Structure formats: structure tokens, C-alpha cells
Amino acid sequence: MSNRSIERDIAQIALYAALVAALGLLPKISIPIAGGIPITGQSLGVMLAGVMLGPVRGALALLLFLLVVALGLPLLAGGRGGLAVFMSPSVGFLVGFPFAAMACGWLMGLMKEKSVLPSAWIAAALGGIVVLYAFGIPGLAWKAEMSLVDAAKVMAVYLPGDALKVLLTGLIAQTVWRGMPQALLSRN
Amino acid sequence: MISLYRQKTSWLHRLSAGAKLLALCMASVAIFPLDTLSTLAILGLLTILLYASLSDGGLRELKVIVPLWPWFLIMWLFHYFGGDPLIGTVAVLKMALMILLANLLTLSTRQSDLLAAIQYGLSPLSFLGLSTRPLALAVSLMIRYIPVLLALIQQHQQAWQARGGRRAGRWRLIVPALIAALQIAEHAGESLAARGGVRGLS
């Protein structure tokens, strides 16, 4: 790998990590459980990172995001950050971020031959919801000492919002693809 | 960029980042199996004393727990309706305790020190040919991009509103903001390479 592409990779990974942070810092639309697991705007960033960057770089972007949160920046939705967030009920989701991005990216790669919009939707739904919740719900059950069923019930309230994010991810990916196809690293 | 680090000094600030990280890990392992109310209550009091020892206003930092109250309530209610409110109380206490202890580390440690400690901890990876130097670069790049992205999104929002755009269509703003940001990242990558690249940095 030439020097040039390493720097380009780092810059893009840092950019998507910053995007996840920015989405957490934007004021969120009203969510039923105030101060609850605040993964609202951010899982959009997770889906985008995976869909746009592919599995490896997407996962690295999320790992970078988690590292900077761990270092003490309040980048989690709700202005939370530092090591304390890894002791909170949402730790499963946090750990799941890089895996979800990896799944999104891997699926996008699998569907390279298909058109962008449906592939992005499928990738975002399977990665950003199925995989993410596969980490988040057990994490919640474990941390909060609840049963899996109870944890799933609690998280169900976030599904409509996440479905909306899947929709957005596909539309964004497709629009960027039309304007700047080389930005869709998951396909190149 | 705002951070959760507390600028004042205290005895905790003077301890090394690595030592605190290790202590936190050991504390997590030790606390995890505990399930008696009295033990956790005593540990909780000790933690509050630790906060109080952080010079003026240390107790105010306990507020980190406050935004999580809905979660504590939900947890406790599930246990209550499940017939064991005591376990619910224990679970809530344990979580609050761990959050407060972890927060102590964040309060008293500079990001740069913590990053250095983490890089040191990861240094055995160099056997696999992986260097930790790009890590600091990636961290500083990411931190610098955040206000840039926020500004781009806000600029596009204002332009959208000025043109009388509907709120529902606002998602489209992410696209030009993202493309503009990607171009910035592209230039950043190029200028980094021009300056000698990652390997050229000491």
C-alpha cells in the first residue's frame, strides 16, 4: 500500500468518526424516554460509515469514535462521554457500533453488482439494526440485569426511528454515489 | 473542543493515567460479582468521599449520574414487577458505582495522557507490524473535523431555511455537507502525504 493511500484512509476514517460525533451533537428530535439510551442520530452515522467505507474502514471509523469518547470527549448523544459510558446500559450498543458498521460494509460489498439504493437499504437494515441490536440487547440485559425479553421490549421503542435512519442511509448513499462515485469506498 | 476533563488539580490528577486505568479495570473485576446491598452501599459512600476529596466542588461532579435516572428507574421497575426489588436496588447501585468510578478517571486525566497510556498498552502490537503512531494522528484529525462538520451542516440548514425549504426535506442537507467534508478529507490526505506521510511523523 503506498504512503498516499494510508493518509487518505486515515483522513476518511477520521471524517466518518467525526460524522458520528456530529450526529450525536446535533439536537435530537423528541424521543419518548428522555436521557435514555441516546443512540438516536448516531446510528445513522454508523450505517453511513459502513455503507460508504466498507467493512474494514467503517469498523475502524467506529473504533476511533469509541476511542475518542473513552478519552473523555462528550460525543455521545446527550453530551455523554468518558469511560463512564462503557459502564452504562448502552455499552452493548457502543460495542456493537464497529460490528454494525462492518456488517453494513460487508453487505454493500456483497451487493456490488446491484444498484446502490436497495443494497444500501438492505445493508443498513441488517447491519445497523439486526447486528447492532444483537449486541445492544444482550448488553442491556447483562448490564441492567434484566431478562433478554425485557431488554428487547425496552429497545423496541427505538425501532421506528431506526427504520427511518435506514431509509435515510440509502437515500444519502445513492445521492452521494451520483455526485461523487469514488466516495463509495465499499464498492470500489 | 469541550471535554469532560476537569481543569483543577487534585491528588487524583497527579496519578499517572496508566495507573488509574489499571486501577479502574481491577475495580470493575472486583465489583462485578458483588451482590450484597451493604457492601455496595459502603463502596458507594467511599466513592462519594473520593469525589469530595477532589478539591472545591468535587461533589458537583456526581451529577454525571443524573441523566441516567430513567434507566435506573426502568431497571428497578422491571425487577420490582418481577418480584425482587432488592436485586433491582443492587443492580442499580452497582451500575451507579461503576459509572462514578469510571467518571473519576475521565475527570482527572488529560486526553493526551490517556491516549499515550493506551498507545503504550498497545505497543506489543508492533510485533504484528502495526504501529500506534497513526492513532494520535487519527484522533487529532477526528477532533478537528467535528466543528467543521457541524458548521457545514448548519450552513446548509441556514441556506435551506433562507430558500424556504420544508423541514421534512432537511435530510438532503447531509449530502452536500458530506460531499464537501469528503473533499476536505481528500485534501487533508494529500497534504499529509506531501508532508512525508504517517511514516514521516515522529
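Two residues are in contact if their C-beta atoms, placed from the backbone, lie within 7 Å. This is a predicted model: local features need pLDDT of at least 70, side-chain atom pairs count only at pLDDT 80 or more, and totals for chains, interfaces and linings use all residues. Residues are numbered from 1 along each chain as its sequence is written, while chains are lettered from A and ligands numbered from 1 in the order in which they are written.

**Exercise 1. Find the residues that A:Ala61 touches, then place A:Ala61 in a core.**

Step 1. Leave out residues up to four places away in sequence. A:Ala61 then touches A:Ile13, A:Tyr16, A:Ala17, A:Ala49, A:Leu53 and A:Ala101.

Step 2. Call a residue buried if 20 or more other C-beta atoms lie within 10 Å of its own, exposed if 12 or fewer, and partly exposed in between. A nonpolar core is a set of buried Ala, Val, Leu, Ile, Met, Phe, Trp, Tyr and Cys residues joined through C-beta atoms within 7 Å.

Step 3. The largest nonpolar core has 118 residues. A:Ala61 is among those with the most contacts inside it, with A:Ala14, A:Ala17, A:Ala18 and B:Met142. Domain 1 (11–124) and domain 2 (131–200) of chain B both give residues to this core, so the core lies between them.

**Exercise 2. Describe how the two domains of chain B meet.**

Step 1. Take the bounds from the automatic or database domain assignment. Domain 1 of chain B is 11–124 and domain 2 is 131–200.

Step 2. Their centres, taken over C-alpha atoms, are separated by 34 Å.

Step 3. Four residues of domain 1 of chain B are in contact with four residues of domain 2 of chain B.

**Exercise 3. Describe the side of chain B that touches chain A.**

Step 1. Count the residues. 54 residues of chain B are in contact with 51 residues of chain A.

Step 2. Sort by helix (a DSSP run of H or I, at least four residues, numbered from the N terminus). In chain B, α4 (69–81), α5 (85–108), α6 (111–122), α7 (133–162) and α8 (174–194) each supply at least two residues of this side. α7(B) gives the most, with twelve residues.

Step 3. Sort by class. Ala, Val, Leu, Ile, Met, Phe, Trp, Tyr, Cys and Pro count as nonpolar, Asp, Glu, Lys and Arg as charged, and the others, Gly among them, as polar. The side of chain B that touches chain A has 47 nonpolar, six polar and one charged.

**Exercise 4. Locate the buried side of α6(A).**

Step 1. List its buried residues: A:Asp150, A:Ala151 and A:Val154.

Step 2. Check the arc, taken from the directions from the helix axis to the C-beta atoms. The buried residues cover an arc of only 100° around the axis, which puts them on the same side of α6(A).

Step 3. Name the partners. The buried residues of α6(A) pack against α5 of chain A together with α4 of chain B. Exposed A:Leu148 and A:Val149 are on the face turned away from the buried side.

**Exercise 5. Place A:Phe86 and A:Glu145.**

Step 1. A:Phe86 is in the loop between α3 (55–71) and α4 (91–110) of chain A. With 18 C-beta neighbours inside 10 Å, A:Phe86 counts as partly exposed.

Step 2. Not counting residues up to four places away in sequence, A:Phe86 touches A:Ala70, A:Val91, A:Leu94 and B:Ala102.

Step 3. A:Glu145 is in the loop between α5 (116–143) and α6 (148–155) of chain A. A:Glu145 has a positive phi of about 50° although it is not a glycine.
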